[in-house]
Amino acid sequence: MLRFLEYLLIVGCIAVLLVVSHGMGQVAYSWMPLEATAEAQKVDDLFSFLVSMGAFIILGLVGMMVYSVLFFRAPKNDYSEGHPSRGDIRLEILWTATPTLLVLWVAWQGFNIYQQLDVLGLQQVVHLHTPVEEPVYAASISDIPKSADETIEVFVQQWDWSFRYPNNVTSQELHLPVNLRTRLNMHAKDVLHSFYVPEFRLQQYIVPGRNIDLVVTPIRMGKYKLKDSLFSGTYFALMDANVHVESLEQYNQWLTQAEQESMSIKNQAVAEYSQPPKTLFKSGWYTVAPDCCFGAAQRANANERKVMNDT
């Protein structure tokens, strides 16, 4: 009977740990930025499972240590050796096979998600015919077409993002229609850059000389911020761009308006580079001049400033 109660107590403790760990995994959704794409849901689901698994392990280990300290302490002035433990083949198999299977499952899920992010092709991201109920913290997936409806050219260089749309409109803002898969054809003009929007959970290196396609499926309308997650030089902090996820009607309206109006492209790096030095100290260090949006006069001023720095 006593043995049965011990087993029952262990089962109860494991059940409590599972409930608490699952709750920690659900709370983990709120630790991340908003889920703005269907791809973000896949990433957050895996992150939630890893948090649940980690919480179960750490709480279990701490619980066993506290239990051992409270009930199995050696008496004062007792320096004798502890009872030697004997190996249990079943226990050895259990604590070897369980972590191995978990690691293999996590590796498979990571590989599967990477394939579904569709960096180079146009594969299906989610099963759209199956309705998904909205979890406590995660966003729900809307009905999203299977194929990409738009292809937007993305150009990045020191220090500027620019986007060219199917009607040849060029802008420094990225506009994306909600619930439609969009292919981003990305080009780096000078050095290695990285496309990163935290709410999208997508981070992709852009390599000079290579065209890299990234398919994104926005599911939440709003305004987000695109960052270059690779340090690229003096004006790196200025390399951001606004990302607008909007309805298809708003997207088409913006395209029409942008096509009719001549959009002047401004660049903050150019403005700061063109300003006169604010201090008397001159380091003489060479700074890569912002190449984008430069007119003839600006290029002349940049060359003159470089000559002054060299002298």
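Student: Which residue's backbone nitrogen lies 2.9 Å from a polar atom of the side chain of aspartate 228?

Tutor: The model here is predicted. In it, that backbone nitrogen belongs to serine 194. A polar contact needs N or O atoms within 3.5 Å, so 2.9 Å meets the distance limit.

Student: Which other backbone nitrogen does the side chain of aspartate 228 reach?

Tutor: That of leucine 230, at 3.1 Å. Aspartate 228 itself lies in strand β9, residues 222-228. Leaving aside neighbours within four places in sequence, aspartate 228 is in contact with Trp161, His193, Ser194, Phe236 and Met239.

Student: How do you know whether aspartate 228 has a salt bridge?

Tutor: Look for the nearest side chain of opposite charge, which is lysine 227, 10 Å away. The limit for a salt bridge is 4 Å, so aspartate 228 has none, although this residue is buried.

Student: What makes aspartate 240 and lysine 227 a salt bridge?

Tutor: Their closest N and O atoms are 3.6 Å apart. That is within 4 Å, so the pair qualifies. Aspartate 240 lies in strand β10 and lysine 227 in strand β9, so the pair ties together parts that are 13 residues apart in sequence.

Student: Why is aspartate 240 called buried, partly exposed or exposed?

Tutor: Its relative accessibility is 31%. Buried means under 20% and exposed over 50%, so aspartate 240 is partly exposed. Lysine 227, at 35%, is partly exposed by the rule for values in between.

Student: How many salt bridges does the count come to?

Tutor: Three. One of them joins arginine 201 to aspartate 44, with the closest N and O atoms 2.7 Å apart. Arginine 201 lies in the loop between β6 (193-197) and β7 (202-206) and aspartate 44 in helix α2 (residues 38-71), so this salt bridge ties together parts that are 157 residues apart in sequence. Both arginine 201 and aspartate 44 are buried.

Student: How do you know whether arginine 201 is buried or exposed?

Tutor: Its relative accessibility is 12%. The cut-off for buried is under 20%, so arginine 201 counts as buried.

Student: What is notable about phi of arginine 201?

Tutor: Phi of arginine 201 is near 60°, a positive value in a residue other than glycine. Most residues other than glycine have a negative phi, so a positive value is worth pointing out. Asparagine 179 also has a positive phi, near 65°, and sits in the loop between β4 and β5.

Student: What is the peptide bond from glutamine 158 to tryptophan 159 called?

Tutor: That bond is cis, with omega near -5°. Most peptide bonds are trans. Tryptophan 159 is found in the loop between β1 (148-157) and β2.

Student: What makes arginine 183 and aspartate 213 a salt bridge?

Tutor: The N to O distance between their side chains is 2.4 Å, and the limit is 4 Å. Arginine 183 lies in strand β5 and aspartate 213 in strand β8, so the pair ties together parts that are 30 residues apart in sequence. Arginine 183 is buried, as is aspartate 213.

Student: How do you know that β5 and strand β8 pair?

Tutor: Five bridges join them. Pairing takes at least two bridges, so β5 and β8 pair, and they run antiparallel. Threonine 182 stands opposite valine 216 in β8.

Student: Why is strand β5 called mostly covered?

Tutor: Eight of its eight residues, 181-188, are buried. One side holds Arg181, Arg183, Asn185 and His187, and the other Thr182, Leu184, Met186 and Ala188.

Student: Which way do β4 and strand β10 run?

Tutor: Parallel, joined by four bridges. In β10, histidine 244 is the bridge partner of histidine 175.

Student: How many aromatic pairs does the count come to?

Tutor: The count is 10. One pair is tyrosine 165 with tryptophan 254, whose ring centres are 5.0 Å apart and whose planes stand at 70°.

Student: Why is this pair of tyrosine 165 and tryptophan 254 called what it is?

Tutor: The centres must lie within 6.5 Å, and 5.0 Å does; planes over 60 degrees apart count as edge-to-face, so at 70° the pair is edge-to-face. Tyrosine 165 is in the loop between β2 and β3, tryptophan 254 in helix α4, 89 residues apart.

Student: How do you know whether tryptophan 254 is buried?

Tutor: Its relative accessible area is 14%, which is under 20%, so tryptophan 254 is buried. Tyrosine 165, at 2%, is buried by the same cut-off.

Technical notes
Residues numbered from 1 in each chain as written. Predicted model: local features only at pLDDT ≥ 70, side-chain atom pairs only at ≥ 80, totals over all residues. Heavy atoms only, no water. Buried < 20%, exposed > 50% of the residue type's maximum accessible area, 1.4 Å probe, protein only. Phe/Tyr/Trp six-rings, centres within 6.5 Å; stacked < 30°, edge-to-face > 60°. Lys, Arg positive; Asp, Glu negative; His and termini not counted. Polar contact = N/O pair within 3.5 Å; in protein donor to acceptor, adjacent residues only side chain to side chain. Contact = heavy atoms within 4.5 Å.
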